[in-house]
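User: I have a structure open, and I want to know what the words used for it rest on. Please take my questions one at a time.

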Amino acid sequence: MKQEANGVFEKLFIIWFRDITAWIWEGRRPVRNTAIAIVVILALDVFLLTASVKDFFRLKEAAIYDIPSILYAIGDNGKYEPIAEYYKFSRIPVDLKALPPEKTQSLGDHRNKVIQSFLSTEDNQFYSHSGIDLKGIARAFVVNILAGRVKEGASTITQQVARLKYLTIERSIARKAREAWLAMLLEFAYPKDKILEVYLNEIPLGHGTIGVGAASRFYFRKEIQDVSWGEAAILASLTTRPTQFSPLTNPLSSVQKVRVVFKKLIENGRLSVADAEKEYISLMDYYANLNRSPNDSAFSDRLNRFPYVTEYIRKNLLKTIGKDRLYNGGLKIYSTIQIRHQEEAEKAMKPALQQQTLESNQRAFRNVDAFDDQFGASYDIISDLHDIPEFKFKISRTERTFQSAYQEEIRDVFSTLNLLSGDDDLGELLDKNYSNQSTQDHLLPVEGSLIAIRPNSGYITAVVGGSGFRSDNQQIRSFQAFRQPGSAFKPILYAAAMDYSGKNPDPIKNVTPATLFVDSPLQYLMEDGDEWAPENYSSEYSGFVLLRKALEQSKNSVAVRVLEQIGLSNIMDTLRGLLQLPGRDIPYNFSVSLGSFELTPYELTRAYTALASGGKTVNPLSVLYVENQYGEIIKDYRKEFDDSDRKQVISPEAAYLITDMMGDVITEGTGRSAMSYGLNRKAYGKTGTTNNFRDAWFVGYTPELVTSVWFGYDVGTISLGRGMTGGRLSAPVWGRFMARALEREPRAEFEWAKSVNIVRRTICTMSGKLPGPQCHETMEEGFIPSTVPKDICNDHGSSWNVVETPSVRPQGTTPKPKVSVNANKPKVEAVVPQTTAKKKKKKSLFSGDEDIDY
Ligand SMILES: [Zn+2]
């Protein structure tokens, strides 16, 4: 629609000259008028010099509307489908010709009622003036100069377009003059209808809407072509201070303003009194039935299928694309999200988190004072009895610390005391409090994360960042929650250890899947002899165990011994390479072996992705490329992700062995529930559970996809509840997601695994050595060539009891050892050579459950 601006100067000059001379000589006070005209012309000339050249080039912008950007994800057929829009304001551009004329109108003008309402309210002379009201401008100049400040005069629609398109909202004399200059340029460059159309599409009408198209859909749930006279009047009433006159926020003010619009329609001869009355009365139904929140916004109407994805990608794009282009640029953003994966991820996570919230049943005490009133007196007695430090509610505890203190220190003490003493009063008190708090609202939501990454490409195909993306719950925990990985860290540790052994073979210190470790508590300081019965003590530990078996059963004592044997300093660089934590470091401490430092789910998943891709790091991607509205690629993230950036952190052989070992975790070990949804392909993974059941993890992969699932409370000190392990909570969710997400995908293979240099040997299942004539049971195991065992087992015969062990029940000869809840309880601090101080024991019913992992 843009018209060439050729000859504008000439036309401009002629019209100016004509209008101004007429005004000077036909006016009553020619001298004063001349002076004013000179001021106006001088002022405009200044802008002619400073702004005109630029403004000419910007004229075409008038016909370009801000367009929302669209986020696409990959559909089942491999085609891209829109999943979200990014915009600041809702806008549905309207073509003026699409607005039907009012043929039934008895009065003169047959233009559409929306047009008539706006013309009548804003600029009834629009079709006859030349862009600015010269008299008004001149008057405003003098008034403003005399007043020493800027008073906003009435603007023509053209001036408003100039302001909306080119100018900031700051008020100044300079801006006013510039607005007039631009208005005249617009009048020359565009026909009246086009200027009006731009106006109707650019005018902000409240609640996040821009233009009549979006406003009509927002206020009336109607297309603009279908609105009534009354509805058109409402739209026209919103041009100044749309919030104040919004029918949603201030229906009474709105009605009054609408009356003014009708009055002007009558005054300007556009509507008869009878018609106006009829329309006005029928509009009252709209107000009567208006049942909308004052906070309603067109923003919540936008396309947003997967809010966690929308938000994560938005945050990333803001860094590289910038706000303006993202919200207004009409970009097409092609993500790596796979719609099927994302849907299945949400279907797996949401009900599981809701269910777990009920099951974990941690209540939020909203009212600290109420707690003090009910429990304050009894607490003193209990704290005496149980040697708990005095609990000061009102003074020193914020609600948050109160919350965790209650969960950690008091709740179970109360329960136990009640149980032991049979004190009904206390029980009643507890019940009462619980029932007071028993609405769902007061249950603390269990949060979680699921993130899936393709190991071959690094494409992130699904992200669930919590129990639901809401205004009060916007954390995307997959990237923002720092949590201890617990036993889910073991595969990374073992892979690094096996890799080091392969490169630095040492027959005594080699770590291989067949390395024999002692799984016993003997070297560890137990916390409290009274609580640990001797029979537990002996049946919990399997004595000697091969590393493969130790991973399968998540033996904590073995993880510590692996680190002791290999030396943390020898594998520190490898761990850093696998985890990639810029700005942070892995603590130099033996408790690292039990995953006692914090990682985000994303970081842990990325490390597994390296294991799944043959020991090479992967650079995860969420957006492939971004196109502008003309289909030109303006940002290509695939180029930034260059294959040569990938680093071989561990050997493919070490990656192969750890992958193979993680296969046993799922078929025979702590991760068996990962297969409960019938995943139709071989999978590899590891559970993780941290102290006091605060975190439940499962991280695992197939050749197609690496996925992590995490459960926990946002307040990291609150327990998910006794027995809530990664194997119980997270592995089934992982399995459900993987089974359904991959259902229709063809099976892939680990291409890198085809060329690994792994030697297979038959070994003695009990010793891990090459079998001797007396060995009862053998198995096949893979080795990095430099670490193949050379010793022949002569342990098994008449005198195989060579090592003093606490309670050896050799694996393979007996049924699977019974695993009790209290299994594997090394006091980690005690085996850390650098740390001699014994950690103060914390008393709670849950203490003693540290480091359990099924
Ligand atoms: Zn043997």
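User: This model is predicted. Which residue stands opposite Gly688?

Analyst: Trp697 in strand E14 does. Gly688 belongs to the neighbouring strand E13, residues 684-689.

User: What makes E13 and E14 a pair of strands?

Analyst: Count the bridges. Two strands pair if DSSP finds at least two bridges between them. E13 and E14 are joined by 6, so they count as paired. The two strands run antiparallel. They form a hairpin with 5 residues between them. In that turn, Asn692 has a positive phi of about 60°.

User: What makes E14 and E15 a pair?

Analyst: The cut-off is again at least two bridges. Here 7 bridges join E14 to strand E15 (residues 706-712), so the two are paired. The strands run antiparallel. Trp697 has Trp710 as its bridge partner in E15. This is a hairpin too, with 4 residues between E14 and E15.

User: Why is strand E14 called mostly covered?

Analyst: A residue is buried if 20 or more other C-beta atoms lie within 10 Å of its own. In E14 (residues 695-701), 7 of 7 residues are buried. Side chains in a regular strand alternate between the two faces of the sheet, so each face can be looked at separately. On one side of E14, Asp695, Trp697, Val699 and Tyr701 are buried. On the other, Ala696, Phe698 and Gly700 are buried. Both faces are covered.

User: Why is helix H5 said to be largely enclosed?

Analyst: The same test of 20 or more C-beta atoms applies. In H5 (residues 157-166), 7 of the 10 residues are buried, so the rest of the structure largely encloses this helix. Ile157, Thr158, Gln159, Gln160, Val161, Ala162 and Tyr166 are the buried ones.

User: What makes the largest nonpolar core a core, and which residues have the most contacts inside it?

Analyst: The members must be buried nonpolar residues, joined through C-beta atoms within 7 Å. This set has 129 residues. Ala495, Ala496, Ala497, Val562 and Ile658 have the most contacts inside it. Helix H26 (residues 652-667) gives the largest share, 9 residues. Take Ile658: beyond its neighbours within four places in sequence, its contacts are Pro491, Tyr494, Ala495, Met498 and Leu611. Another core of 50 residues lies apart from the largest one, and Tyr166, Phe218, Val227 and Val261 are among its members.

User: Why is H9 called roughly perpendicular to H10?

Analyst: Check the angle. The axes of H9 (residues 229-236) and H10 (residues 251-267) cross at roughly 105°. Angles of 65 to 115 degrees count as roughly perpendicular. The crossing falls in that range, so the label fits. The axes come within 9 Å. Ala233, Ile234 and Ala236 in H9 meet Ser254, Val258, Val261 and Phe262 in H10.

User: What makes E2 and E12 edge strands?

Analyst: Each pairs on one side only. The open sheet has 5 strands in the order E2-E1-E6-E11-E12, with mixed pairing. From one strand to the next, the twist averages 25°. Inside the order, E6 (residues 332-338) and E11 (residues 623-627) run antiparallel and share 4 bridges. Tyr334 stands opposite Tyr625 in E11. Helix H12 (residues 307-320) packs on this sheet, and its direction makes about 135° with that of E6. Helix H14 (residues 339-360) packs on the sheet as well, touching E1, E2 and E6.

User: How do you know that E3 and E5 pair?

Analyst: The required number of bridges is at least two. E3 and E5 (residues 209-210) have 2, in the parallel sense, so they just meet the cut-off. Ser90 stands opposite Thr209 in E5. The sheet is open, with the order E3-E5-E4.

User: How do you know where to read the model with care?

Analyst: Look at the pLDDT, which runs from 0 to 100. The chain has a mean of 80, and 72% of its residues reach 70 or more. Over residues 434-440 the value is below 50, and this stretch has 4 contacts beyond near neighbours in sequence. Residues 798-854 are also below 50, with 123 such contacts in the model. Where pLDDT is low, predicted coordinates should not be read in detail.

Key. Residues are numbered from 1 along each chain as its sequence is written. A residue is buried if 20 or more other C-beta atoms lie within 10 Å of its own, exposed if 12 or fewer, and partly exposed in between; C-beta atoms are placed from the backbone. Two residues are in contact if their C-beta atoms, placed from the backbone, lie within 7 Å. pLDDT is the predictor's confidence in each residue, from 0 to 100. Axes are lines fitted to C-alpha atoms, for helices over the stretch in contact, and angles run from 0 to 180 degrees between N-to-C directions. Angles under 35 degrees count as roughly parallel, over 145 as roughly antiparallel, 65 to 115 as roughly perpendicular and the rest as oblique.
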